Amino acid sequence: MKVLVINAGSSSLKYQLIDMTDESVLAKGLCERIGVDGRIEHKRADGVKVEKNLPFPTHKEAFLALIDMLTTGEGKVIDSMDEINAVGHRVLHGSEKYKVSTLVTDQVIEDIFAFRDLGPLHNPPQATAMKACQEVFGKDTPMVAVFDTSFHQTMPEKAYMFPIPYEYYEKYSIRRYGFHGTSHRFISGRYTELTGRKDRLIVCHLGNGSSITAVKDGKCLDTSMGLTPLDGFIMGTRCGGIDPSIVTFLMNKEGLTADEMSDIMNKKSGFLGVSGISSDCRDLIAAAGEGNHRAQLALDMLVYQIKKFIGGYAAAMGGVDAIAFTGGIGENDGNLRKEVCENMEYLGIKFDEEKNKVRGEQKISADDSKVEVWVIPTNEELLIARDTVEIVNKAK
């Protein structure tokens, strides 16, 4: 079975075509500037790249372009669209209704759009992309929705509820949902494959957006992101968890609207806000190496806050057996991993600096460490494709 995996944004459409007979990626690409002008970047598994400027007034034209790229010219990897057996869609928010990945129907698309208050930047374009996909492929090609929030639906009530008047939960479904669920589920599953165990695992997904999840017996017990992906700890441009009174204090002092304050917390804070330099961790590392105090401060805050989450989740689970690093920063920044694990001997962590220097999937703790430390590259697209195959086969 060949599965097309789609991750749609308001003006973009990322895609991968995966042959599930051996889980190999045949091609991947990005359609961008949808609704503006249009551009597609396409790469085959053998390294051949094709780039074109094309008009993308809507997501439908982007789908038509990626199919053309997959089936003709230099980018060709299949003979026709009929070889694509199913489409898997990443969806940000499934609210409390969708606890597992789901076969897409018209009702599912309506629900995804209806959750727009919970995911205003992601859910509407993802629902729009599903409709466009139906128009291009026809309704005979099955589609599956894989929700970022579904893995976290196993959290107990005491973990997901916020201590505000209960009526707001009843009226508006305000609670902790958590995100990066496809990544956290992939990593926890891969850890079990590698070790044969379902331990008390803390997954650190670290990138421009970051979250940490406590996983016990293969299920999410707690996670750092909340109602939205803004909660948690310092990220590229997001502030993470802060004293809520800061919001009203700044709004009053600066005369800010709610939308303006949201913009500051989501797009002007985090690494960018503290350092004044960049939202990219690599830029901060370079600047800190040249003696920039604020860049170093942002990095120090990141390490410190990660340590606090690890300690808190270890307490919540009654201990921890393993910690896994993933995401762009987690997989590639060995120095950050070292700093996070330093002075954590009280938890039973013994770090192996030599193992930490080697890139790729591996255990980086010492052989006699009571708590294992792993680097496990994430693969959200593969998890989406696997869910799609499983659900389509069940539907048959």
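Select alanine 287 and show what surrounds it: leaving aside neighbours within four places in sequence, alanine 287 is in contact with Ile277, Asn292 and Ala295 (contact means heavy atoms within 4.5 Å). The model is a predicted one, in which local features need pLDDT of at least 70 and side-chain atom pairs count only at pLDDT 80 or more, while totals for chains, interfaces and linings use all residues. Residues are numbered from 1 along each chain as its sequence is written, and side-chain values use heavy atoms, with hydrogens and water left out.

Stay on alanine 287, which sits in helix H10 (residues 281-289). Helices (H or I, at least four residues) and strands (E, at least two) are DSSP runs, numbered from the N terminus. With a relative accessible area of 12%, alanine 287 is buried; buried means under 20% relative accessible area, exposed over 50%, and partly exposed in between (1.4 Å probe, protein chains only). Draw a distance from its C-alpha atom to that of isoleucine 277: the two residues are 10 apart along the chain and the atoms are separated by 8.4 Å.

Next, select the eight-stranded sheet. This open sheet has the order S5-S4-S3-S2-S1-S6-S8-S7, with mixed pairing. Strand S5 (49-53) and S7 stand at the edges, each with a single partner strand, so one side of each is left without a neighbour in the sheet. Two strands pair if DSSP finds at least two bridges between them. Strands of a sheet pair through backbone hydrogen bonds, either parallel or antiparallel.

Within this sheet, colour strand S1 (residues 2-8) and S6, a parallel pair with four bridges. Leucine 4 is opposite valine 87 in S6.

Helix H1 packs on this sheet and touches S1, S2, S3, S4, S5 and S6; its direction makes about 35° with that of S2. Axes are lines fitted to C-alpha atoms, for helices over the stretch in contact, and angles run from 0 to 180 degrees between N-to-C directions.

Now move to strand S2 (residues 12-19) and strand S3 (residues 24-32), which run antiparallel and are joined by eight bridges. Lysine 14 faces leucine 30 in S3 as its opposite residue. The two strands form a hairpin with four residues between them, and glutamate 23 in the turn has a positive phi of about 55°.

Continue from S3 to strand S4 (residues 39-44); this pair is antiparallel, over six bridges. Alanine 27 has arginine 44 in S4 as its bridge partner. Six residues lie between the strands of the S3 and S4 hairpin, where arginine 33 takes a positive phi near 60°.

Return to helix H1 (residues 59-71) and select histidine 59, which lies in it. Is histidine 59 buried or exposed? Histidine 59 counts as buried, at 6% relative accessibility. Not counting residues up to four places away in sequence, histidine 59 touches Gly9, Ser10, Ser12, Leu13, Ile34, Pro125, Thr128, Ala129 and Ala132.

Add helix H3 (residues 123-137) to the view: the axes of H1 and H3 come within 8 Å and cross at roughly 55°. That makes H1 oblique to H3; angles under 35 degrees count as roughly parallel, over 145 as roughly antiparallel, 65 to 115 as roughly perpendicular and the rest as oblique. The crossing of H1 and H3 is right-handed, meaning that the near helix is turned clockwise from the far one by less than a right angle, whereas an anticlockwise turn is left-handed. Show side chains for His59, Lys60, Phe63, Leu64 and Ile67 in H1, which meet Pro125, Thr128, Ala129, Ala132, Cys133, Glu135, Val136 and Phe137 in H3. By class, this contact of H1 with H3 has nine nonpolar, two polar and two charged residues. Ala, Val, Leu, Ile, Met, Phe, Trp, Tyr, Cys and Pro count as nonpolar, Asp, Glu, Lys and Arg as charged, and the others, Gly among them, as polar.

Two serines come next. Serine 95, in the loop between strand S6 (86-91) and strand S7 (102-103), is not a glycine but has a positive phi of about 50°. Serine 95 counts as buried at 8% relative accessibility. Serine 173, in the loop between helix H5 (166-172) and helix H6 (181-195), has a positive phi of about 60° although it is not a glycine.

Finally, select the open sheet of six strands, in the order S11-S10-S9-S12-S14-S13, with mixed pairing. Strand S11 (219-223) and strand S13 (362-363) are at its edges, each with a single partner strand, so one side of each lacks a neighbour in the sheet. S13 pairs with strand S14 (residues 372-375) in the antiparallel sense, over two bridges. Glutamine 362 has valine 375 in S14 as its bridge partner.
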